[in-house]
Amino acid sequence: MIGLEELRDRVLGRELAGGTWTPLDYEAWLAADAMLAPPPQDGAMHPMMVFHATVRAVAYTIGELFELFDCPLEDGPMLGEMDLHQHRPLQVGETYAVQPTIVDVVRKEGRSGTFDLIATEFVVRGDDGEPAATLRNTYVCPRRA
C-alpha cells in the first residue's frame, strides 16, 4: 500500500491533462432525451452535461487516473461524491476548456478497511475564458494491506 505522504507528494496540487469539447445539437438532444428532460431551449444544455464535458475533454482514461493514484481497477475504486456548480448554462456550439487539478487527499479507516478519498476539481471555461462550471469529484480508493 502506498504511504499517504508519498501519495500526497505525487498528486496533491497536480494539474492533469485537460482538453476542450464543443457540444453539438444532437448531443444536447440525446442527453435530454436520455434523462427524460425537456429538449434544450435556445442552445442551453441540461446541467448534467457539465459532468459529460469533464469526461469528454480530459486527455486521460479512468484507468490512467487510478493508476496515478496507485489504485488498480481490480481493487474496486469508485466515485464517492460529486459537487457540481454551474455558473451559467453550457451552450451548444461553444467550445469549453476543461482543466482538472487534484485538490485533496485524505486517508480514512472504515468497516471495510483503509481507503483514500482523492478530490479532483474540474474548471470548465467557455469561449470567453470565464468559468461556466466547476465540478469536484471525490474518488474512493480502497487500500489493500
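These are my notebook entries on a predicted model of one protein chain.

**Entry 1: the whole chain.** I started with the layout. I counted four helices and five strands in the chain. Going along the sequence, I read the order as α-β-α-α-α-β-β-β-β. For overall dimensions, I looked up the box filled by the C-alpha atoms, and along the principal axes it comes to roughly 55 × 30 × 20 Å. The chain has 145 residues, and 37% of them are buried. Its accessible surface is about 8000 Å², with 52% of that belonging to carbon and sulfur atoms. I also checked contacts between residues at least 6 apart in sequence: 71% of these join residues at least 24 apart.

**Entry 2: the strands.** Next I went through the pairing. β3 (96–110) pairs with β4 (113–125) in the antiparallel sense, over 13 bridges. What joins β3 to β4? A hairpin does, through two residues. I picked out one bridge here: D104 has A119 in β4 as its partner. β3 also pairs with β1, again antiparallel, and this time I found three bridges. In that pairing, W21 stands opposite Y96 of β3.

**Entry 3: helix α3.** Which residues of α3 are buried? I noted M49, V50, A53, T54 and A57, in a helix that runs over residues 49–57. Looking down the axis of α3, I saw that these buried residues fall within an arc of 150 degrees, so they line one face of the helix. I then asked what the buried residues of α3 pack against. My list reads β1, α2, β2, β3, β4 and β5.

**Entry 4: two residues of helix α2.** Helix α2 covers residues 25–34, and W29 lies in it. E27 is in α2 as well. Is E27 buried or exposed? I put E27 down as buried, because its relative accessibility is 10% and the cut-off for buried is under 20%. Leaving out residues up to four places away in sequence, I found E27 touching W21, T22, M49, H52 and R56. Two of those names were already in my notes: W21 from the bridge with Y96, and M49 from the buried residues of α3.

W29 gave me another reading: at 46% relative accessibility, it counts as partly exposed.

**Entry 5: a patch on the surface.** I stayed with W29 for my last look. W29 forms a nonpolar patch on the surface together with L24, Y26 and L30. Together the four residues have about 440 Å² of accessible area.

Terms used
Residues are numbered from 1 along each chain as its sequence is written. This is a predicted model: local features need pLDDT of at least 70, side-chain atom pairs count only at pLDDT 80 or more; totals for chains, interfaces and linings use all residues. Side-chain values use heavy atoms; hydrogens and water are left out. Patches are made of residues with over 30% relative accessible area and no salt bridge: like charges are joined within 9 Å, nonpolar side chains (Val, Leu, Ile, Met, Phe, Trp, Tyr) within 5 Å. Accessible areas come from the Shrake-Rupley method with a 1.4 Å probe; for residues, only the protein chains shown count as cover. A salt bridge is a side-chain nitrogen of Lys or Arg within 4 Å of a carboxyl oxygen of Asp or Glu. Buried means under 20% relative accessible area, exposed over 50%, partly exposed in between (1.4 Å probe, protein chains only). The arc is that of the directions from the helix axis to the C-beta atoms. Contact means heavy atoms within 4.5 Å. Two strands pair if DSSP finds at least two bridges between them.
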